[in-house]
Amino acid sequence: MAYVSIADRDNAHALHDPQSFITKYIWSQDHKVIAIQYTITAIAIGLVALTLSILMRLQLGFPHSFSLIAPQNYYQFITLHGMIMVIYLLTALFLGGFGNYLIPLMCGARDMVFPYLNMVSYWVYLLAVLILVAGFFVPGGATGAGWTLYPPQAILSGSPGARWGIVCMLASLATFIVAFTMGGLNYVTTVLQARCRGMTMMRMPLSVWGIFMATVLGLLAFPALFVSAIMMTLDCLAGTSFFMPAVSAMGQPLGYNGGSPLLFQHLFWFFGHPEVYIVALPAFGIVSDLLSTHARRHIFGYRMMVWAILAIGCLSFVVWAHHMYVSGMNPYFGFFFATTTLIIAVPTAIKVYNWVLTLWRGDIHLTVPMLFAIAFIFTFINGGLTGLFLGNVPVDVPLSATYFVVAHFHLVMGVSPILVVFGALYHWYPKMTGKMLNDTMGRIHFWITFIGTYMIYLPMYYLGILGLPRRYYAWDESIQFIPPSVHTMNQWITVSALFVAAVQLVFLFNLVWSLFKGKPAGPNPWRATTLEWQTPDTPPVHGNWREKLPVVYRWAYDYSVPGAKEDFIPQNVPPDKLAPAGHHN
Amino acid sequence: MILAYAVIALVIGTVLFHFLSPWQFTPIASNWTAMDDTVNLTFWVTGVVFVAVNLFMAYCIVRYLHRKGNKAQYEPENKKLEWWLTIVTSVGIAAMLAPGLLVWAKFVTVPTGASEVEVVGQQWNFSYRFPGKDGVFGTTNIRLASPDNPFALDPNDPNGQDDVLVTSAELHLPIGKPVKILLRAKDVLHQFAVPPFRVKMDMVPGMVTYFWLTPTRTGSFDALCEQLCGTAHFTMRGRVIVDTEADFQAWLAKQPTYAQARAVPAGDVAAGQATYAVCSACHGAQGEGNPQLNAPKLAGQAGWYLARQLQNFKLGIRDKEQYAQQMDAFASTLDETAIRNVVAFIGSLPDAQPPATVAGNSEKGRGHYETCAYCHGGAGQGVWSTNAPRLSHMNDWYMKRQLENFKQGLRGSHPQDFSGAQMAAMAKTLMDDKAIDDVLKHIDSL
Amino acid sequence: MAQDASITGQPAAVDGLGGVAADWSGDKQAFPVPWGKAMMWIFLLSDTFIFTCFLTSYMNVRMSTTVKWPDPSKVFALNINGHEIPLLLIAIMTMVLITSSGTMALAVNYGYRRDRAKTTALMLATAAFGVSFVSMQAFEWTKLIVHEGVRPWGNPMGAPQFGSAFFMITGFHGLHVSAGVVYLTVVARRVWTGFYDRKGSYETVEVAGLYWHFVDLVWVFIFAFFYLW
Ligand code: HEA
Ligand code: HEA
Ligand code: CUA
Ligand SMILES: [Cu+2]
């Protein structure tokens with residue numbers, strides 16, 4: 001079959017109803033406004049999770065000095081902390097926030113393909129957040145089953161919030177999934193079907209690729225969580241026994257019979273592992289663009305990067321049981337899942353190499369976004385490599401359920417993508433608001449966050465190797481193998497965490513302060529090539545492109561093209577407009 | 001520029017930390033040295049990568065930092081380089097995976113002739129069962145679980161009769177013999193983890209999971225539950241003591257079989273009454289307790305709890321406590337039967353609510369009590385499966401003293417007092433005397 | 001209008017595998033279909049995963065359960081003047097749904113021909129079939145609940161998971177059908193009022209069709225797994 005061109009659709013904006021060009025801020029269908037709504041909500045709830053983490057740290061560092069943190073509260077805190085951070089903060093921020101903002105702009109579209117659906121998606125997300133928060137106030141309080149919500153304990157009286165708390169959590173998750181699906185369908189369809197002329201898939205910026213693939217993963221992985229949420233709600237309220245074998249709680253036999261707790265774990269991780277890449281892939285994509293822009297050099301090995309994203313996406317569906325090596329599932333699965341898990345390291349490694357090779361022979365400007373981007377590479381390598389420990393089944397067995405795991409996933413998920421979020425906000429804030437973020441505050445924020453988080457998590461690896469179990473409210477002296485030095489280290493970790501958390505306030509202040517006092521950015525402060533910087537107005541108006549959609553003539557990374565007078569050539573500059581012609585992909 | 005040096009510093013710091021860190025694997029006590037080897041191998045491979053990649057990155061930052069007039073080099077792809085890197089990486093991965101899979105192959109194949117022991121997990125304690133002479137475990141049915149049949153064994157199964165039951169959380173294993181650890185849970189997920197053994201596995205209600213090992217070092221090792229199983233998860237402890245064969249057999253012989261356990265007759269109230277005469281001097285004729293003599297109310301307390309405490313006094317487990325000595329003296333005069341009888345008699349005494357003596361804020365107390373309720377029950381009625389005694393309608397002044405004992409480590413610090421240790425951990429969450437009074441005030445109102 | 005190489009950076013025509021890639025990664029659109037249709041396809045893919053998870057879980061609990069599984073051909077038998085006829089009702093329900101797929105296909109077909117009357121009529125017919133399916137399902141549920149005492153948490157015939165899984169999965173599918181009925185009627189109304197003539201494309205009819213066929217397909221699987229296994 002031969003390449004057939006597709007009819008031109010410059011009149012795409014006919015799909016907008018003209019009135020909505022008057023920008024509305026609340027019931028807006030403008031992808032940019034929705035993006036900002038998503039971002040603000042996600043950050044707000046993220047700060048709740050951050051506060052929870054501080055409370056947890058206070059208990060771990062200085063046990064029994066805060067009467068408001070009783071054991072059941074502690075378990076409620078870690079549960080909500082984990083769940084909020086992973087789903088309501090990172091997933092929502094990367095896809096709902098950056099996805100919404102960047103996809104149409106970077107693809108040269110006027111908006112998402114179905115703006116109304118897009119708007120509904122945000123409001124349903126907000127609803128999900130509210131249900132989640134409501135969980136704190138129902139009788140029995142929020143659920144304390146851990147963010148993995150394993151049954152039977154999740155719905156038996158031994159855990160906090162075993163009835164209404166867990167139901168709120170499950171309801172909130174289901175709602176979130178509905179919201180995500182509405183948004184996700186939009187993102188995917190927009191990327192596939194609504195690119196501007198000349199924007200071939202292989203010319204898209206890697207940010208779009210990352211977000212696109214993450215959304216696909218979401219659309220295929222969330223169903224598993226959705227289904228298990230329904231089944232657990234039934235187990236809890238209707239007395240069904242999907243996940244519940246015959247058990248006796250508090251010495252009393254219960255009515256359940258014949259269910260399978262492992263079924264839930266399989267469903268959860270079939271969602272859960274892709275989920276971790278849902279928060280990783282957008283970070284991968286965005287960081288690639290940050291590095292390339294601020295190193296004034298094309299991303300190295302673009303095609304390999306795209307294939308790596310696809311490979312990681314596909315592989316992430318066949319590794320889930322690496323979270324279940326010690327779950328009691330048939331141990332023979334270990335062979336398969338250890339192999340697939342370690343194979344994932346290869347495409348990921350390629351990405352890491354290409355990031356570094358992008359810096360190599362570059363013309364590096366250490367702007368604040370660049371600082372965060374490079375810090376990401378460092379922390380991600382560290383966290384990723386320890387993933388290889390856990391992926392290799394006999395190595396995982398002693399380390400599983402210890403602080404080694406906690407350190408792994410914080411460095412790789414709790415820190416790396418968060419660093420990218422920050423970098424991205426410093427990078428695109430000028431386009432969103434027309435103002436630059438304050439540089440000094442930015443650097444303070446960077447250094448304390450980068451060094452501070454490493455101080456938090458590096459020691460945790462070694463506490464884990466010693467055998468310190470995770471999800472412990474306190475480790476009393478009666479455990480022989482835990483020396484006092486561990487408690488000292490825990491205090492140190494807590495103090496570092498306090499610093500890092502405090503400096504986030506500087507960042508928040510910066511966000512607000514720069515909105516008024518920040519110096520004007522101009523359309524393209526970073527002298528970047530991608531389309532969002534070429535919009536006729538900054539911040540872009542509804543419809544993004546005035547009358548004429550842009551036309552793309554080159555890939556997204558024409559930096560420092562030999563012979564070109566500028567060290568960057570925007571994607572929409574036609575070849576004849578520059579002599580001699582730049583690179584064609 | 002500083003960033004480059006920061007990265008270099010962090011790399012060096014990380015490596016130093018790795019070698020200087022005082023927190024390393026606990027000295028291994030099982031045959032799974034191969035696991036430690038794979039861990040170390042992985043450390044070396046990944047360590048090299050970590051250092052190499054980061055130092056190269058730092059170099060790039062220093063070397064290619066923006067200077068007036070220099071321009072990035074334009075080379076979108078370099079197939080050769082990319083393929084080389086891919087191959088090297090794959091080799092590195094394979095170098096870690098292959099040995100790993102070999103070790104795992106050992107893990108999944110339990111050596112023939114390995115002896116078997118079952119670990120039973122429940123909120124929030126461990127107990128153990130040996131198959132006995134016939135080497136076959138009796139079938140169980142969770143619905144049969146009760147204070148008299150904590151293992152929920154099927155009484156009609158002949159295989160079960162000679163099963164050896166260990167109700168204490170302390171397990172003994174013979175050194176040098178491969179043992180297959182079967183895992184069973186009664187209520188929720190738990191885990192049986194002994195760090196020096198390296199291997200561990202979740203316990204899943206409704207199924208039997210397992211792992212195997214060969215203890216290689218005598219000694220006493222903590223067993224922890226490492227699967228979140230509810231509010232008291234962090235207090236769920238056991239202990240494995242690796243003995244020489246002889247010591248092990250001696251210990252095993254002392255443990256009752258299921259048949260023996262069932263054979264013990266119910267306590268004889270009349271005989272108990274005679275024995276109780278001595279007790280009544282302090283605890284009162286009706287077992288109502290006597291503050292002046294520091295003797296707590298006994299009537300209405302759960303029989304299994306009284307019996308266990310009498311045992312504890314006998315074994316001197318509660319020696320450190322202020323008024324325990326007298327009790328030790330009496331308890332030591334009682335044998336198994338006497339204990340059963342006297343407990344039976346106390347069970348027959350009328351249960352009246354004692355006067356409240358503490359002054360506290362019942363409202364605040366309710367808040368604190370939420371934690372206690374997880375084990376002692378919402379109404380303070382006591383729960384046998386969590387080893388938690390009844391609190392409601394008991395002497396608050398006595399509980400006050402016990403809470404202080406627990407906090408000061410006078411009670412619950414003896415290695416054999418597992419449930420006491422749990423209470424000690426929980427008592428710490430009551431910050432001050434104020435909190436103690438408040439919670440007791442609430443308990444009085446139950 | 002043709003795509004000039006200077007824009008796409010791709011030669012006008014590539015053959016073989018390269019061509020597939022070129023087509024797919026070509027500019028503007030990966031698939032030569034309207035947005036709504038593309039979106040529906042993706043949604044259905046996601047929905048497929050939902051039903052797959054439901055059915056795998058059902059198989060899993062059916063294996064994990066300790067009690068024997070009720071014999072479907074008995075449970076679902078229909079008593080017509082004295083004789084137990086196994087699976088009769090289900091057979092009818094399945095027929096109804098399959099037929100509705102037929103009418104839907106026709107509706108789409110007439111949609112292409114811009115035949116408002118026929119399209120509307122056929123879509124309403126499809127919706128009607130859907131309604132009858134749901135009502136038969138309601139009948140079956142009442143039969144199970146009232147006469148055979150099947151409950152989500154247990155039933156006299158055996159494993160409690162039988163009832164739980166049955167109500168959950170058929171219920172979820174029933175919701176899909178009901179939603180589809182509403183969807184179809186709305187679209188049918190728009191067809192009738194000539195909304196799509198003005199818009200210039202009957203694409204939505206086809207999109208609705210996609211959804212409807214999918215719901216039928218899912219039923220076939222549920223049928224196979226629940227009633228025949
Ligand atoms: C963004 C999130 C994220 C990411 C990207 C990863 C990445 C990886 N994770 Fe992680 N993981 C989590 C989030 C994440 N993880 C979370 C949240 C948990 C805990 C859940 C819970 O229990 O609460 C977890 C837990 C977890 C476990 C379960 C541990 C346990 O509970 O016992 C395992 C086991 O296999 C694992 C493995 C891996 C692997 C192999 C990778 C790989 O993708 C890493 C690949 C990257 C690299 C390898 C580094 C770059 C490579 C190079 C620089 C070259 C390397 C070259 C050679 C080695 C030669 N992770
Ligand atoms: C993205 C995920 C994420 C993030 C960012 C964090 C951030 C932090 N986490 Fe957490 N954590 C989890 C995911 C995350 N965590 C998960 C999944 C678990 C498992 C829960 C379970 O076991 O069930 C867990 C568990 C967990 C534990 C283990 C509890 C236990 O096992 O007993 C601890 C203990 O120290 C901890 C601490 C912290 C600290 C101190 C921070 C931070 O404070 C680190 C320093 C701060 C930052 C890196 C900045 C973070 C920025 C924001 C939060 C967004 C605010 C946004 C703006 C201002 C724009 N977390
Ligand atoms: Cu039992 Cu944790
Ligand atoms: Cu994973």
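1. In this predicted model, the copper ion (ligand 4) is held by three protein donors: A:His273 through ND1, A:His322 through NE2 and A:His323 through NE2. The distances from these atoms to the copper ion lie between 1.9 to 2.1 Å. Along the chain, the donors of the copper ion (ligand 4) are spaced as H-x48-H-H.

2. The placement of two of these donors in the fold deserves comment. A:His273 belongs to helix α6 (residues 261-294) of chain A, whereas A:His323 sits in the loop between α7 (302-315) and α8 (333-359) of chain A, so this pair ties together parts that are 50 residues apart in sequence.

3. The surroundings of the two histidines should be stated separately. A:His273 has a relative accessible area of 4% and is buried, because residues under 20% are classed in that way. A:His323 has a relative accessible area of 31% and is therefore partly exposed, as this value falls between the 20% and 50% limits.

4. A second metal accompanies the copper site. The iron atom of ligand 1 and the copper ion (ligand 4) are separated by 4.4 Å. From the protein, the iron atom of ligand 1 receives a single donor, NE2 of A:His408, at 2.3 Å. A:His408 is located in helix α11 (residues 403-433) of chain A.

5. Turning to chain B, its secondary structure consists of 14 helices and ten strands. Of contacts in chain B between residues at least 6 apart in sequence, 72% connect residues at least 24 apart.

6. The overall dimensions of chain B should be reported together. Its radius of gyration is 29 Å, while a compact globule of 446 residues would have a value near 22 Å. Taken along the principal axes, the box filled by the C-alpha atoms of chain B is roughly 100 × 55 × 35 Å.

7. Burial and surface composition complete the description of chain B. Of its 446 residues, 52% are buried. The accessible surface of chain B amounts to about 18,500 Å², and carbon and sulfur atoms account for 64% of that surface.

8. As to charge, chain B carries 37 positive and 39 negative charges. The mean positions of these two sets in chain B lie 8 Å apart.

How values were computed
Residues numbered from 1 in each chain as written. Chains lettered and ligands numbered in written order. Predicted model: local features only at pLDDT ≥ 70, side-chain atom pairs only at ≥ 80, totals over all residues. Heavy atoms only, no water. Donors = N, O, S within 2.8 Å, 3.2 Å for Na, K, Ca; no water. Helix = DSSP H or I, 4+ residues; strand = E, 2+ residues; numbered from the N terminus. Buried < 20%, exposed > 50% of the residue type's maximum accessible area, 1.4 Å probe, protein only. Rg over C-alpha atoms; globule rule 2.2 N^0.38 Å. Contact = heavy atoms within 4.5 Å. Areas by Shrake-Rupley, 256 points an atom, 1.4 Å probe, with all protein chains shown as cover. Lys, Arg positive; Asp, Glu negative; His and termini not counted. Charge placed at Lys NZ, Arg CZ, Asp CG, Glu CD.
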